[in-house]
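Here is a short tour for anyone meeting this structure for the first time. Have a look at it, and then we can go through the pocket, the overall build and a few odd spots in the backbone.

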Amino acid sequence: MIISILNQKGGTGKSTVACNLAVAFRLAGYDAALVDADKQGTAAQFRAFRKVNTGVVQVPTFQILTDTIDDDVPKLGFNPVIIDVGGHDSRVFRGSMVCSDVVIVPIQPSGADIWSTEATLTILQDLRKYHKSLKVFGLLNMVNPLTKAMREMEDLTKAIEEDYNIRFFETRLIARVQYQYTLTTGLSILEQSSDGKAKAEFEAFFKEVCDVAEIK
């Protein structure tokens, strides 16, 4: 099972979602691995932070920035593999889609972000004409639930679901400061002790991912 976290729109929290998801699978006993397919190397840095902390479960991490990513990732031998994909259209970007079983598209809850994401959704829509088994899901990420923009998201997400034949996860990840610590400490949201609501929220998201990916 290969799960890509991608969006050409920058600043949507792709690396944070990918790193937390990879750790969640490891904590649940799965032989998961993380692939850094972004030149910024955020996921690789996350792995470096964890390596010096012997008290946490380690996540095998590979940086793949070549056009052969669609061939290389399935040969890694891990299940599942989570790919943190760079935020620009490229052969690596499209190759990640090609080898994936599930694509998760994080989106910040604003009209501008939704519209900026449509380029990514169009590429995925075209790919699914040939990659018919590919599952695509939107994830509202970095959400401020009290804003007017969030209240307006219901109609926008429904329109996106209809136009691009995707589904949004029921779980929405709130913009919590604890998520910022993930990439600066190497600790996932599930390993931090300061916010029980954040843990419960990510556990709900993780369960949804397992369900849609049919990972038992």
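A pocket here is an open set of points on a 1 Å grid over the protein atoms alone, where a 1.4 Å probe fits and protein lies on both sides within 12 Å along at least five of seven lines; lining residues have an atom within 4 Å of a point. Its volume is the space filled by probe spheres set on the points, which are joined across faces, edges and corners. By that recipe, the largest pocket holds about 230 Å³ of space. It is lined by 14 residues, and Gly 11, Lys 14, Ser 15, Asp 38 and Gln 40 are the closest to its centre.

Before going on, keep in mind that this is a predicted model: local features need pLDDT of at least 70, side-chain atom pairs count only at pLDDT 80 or more, and totals for chains, interfaces and linings use all residues. Numbering starts from 1 along each chain as its sequence is written, and side-chain values use heavy atoms, with hydrogens and water left out.

Back to the pocket: helix H1 (residues 14-27) gives the most to its lining, with three residues. Helices (H or I, at least four residues) and strands (E, at least two) are DSSP runs, numbered from the N terminus. Over the protein chain, that comes to eight helices and seven strands.

How does the chain pack overall? The C-alpha trace spans about 45 × 40 × 35 Å along its principal axes. Buried residues (under 20% relative accessible area; exposed is over 50%, partly exposed in between, with a 1.4 Å probe and protein chains only) make up 51% of the 216 residues. As for contacts (heavy atoms within 4.5 Å), residues 24 or more positions apart account for 77% of those with a separation of 6 or more.

Now for the backbone oddities. The peptide bond from Asn 79 to Pro 80 is cis, with omega near 0 degrees, and Pro 80 sits in the loop between helix H3 (69-72) and strand E4 (81-85). Two residues other than glycine have a positive phi:

| Residue | Phi | Loop between | Relative accessibility |
|---|---|---|---|
| Met 142 | near 55 degrees | E6 (135-140) and H6 (148-164) | 34% |
| Asn 165 | about 55 degrees | H6 and E7 (167-168) | 58% |

Met 142 therefore counts as partly exposed, at 34%, while Asn 165 is exposed, at 58%.
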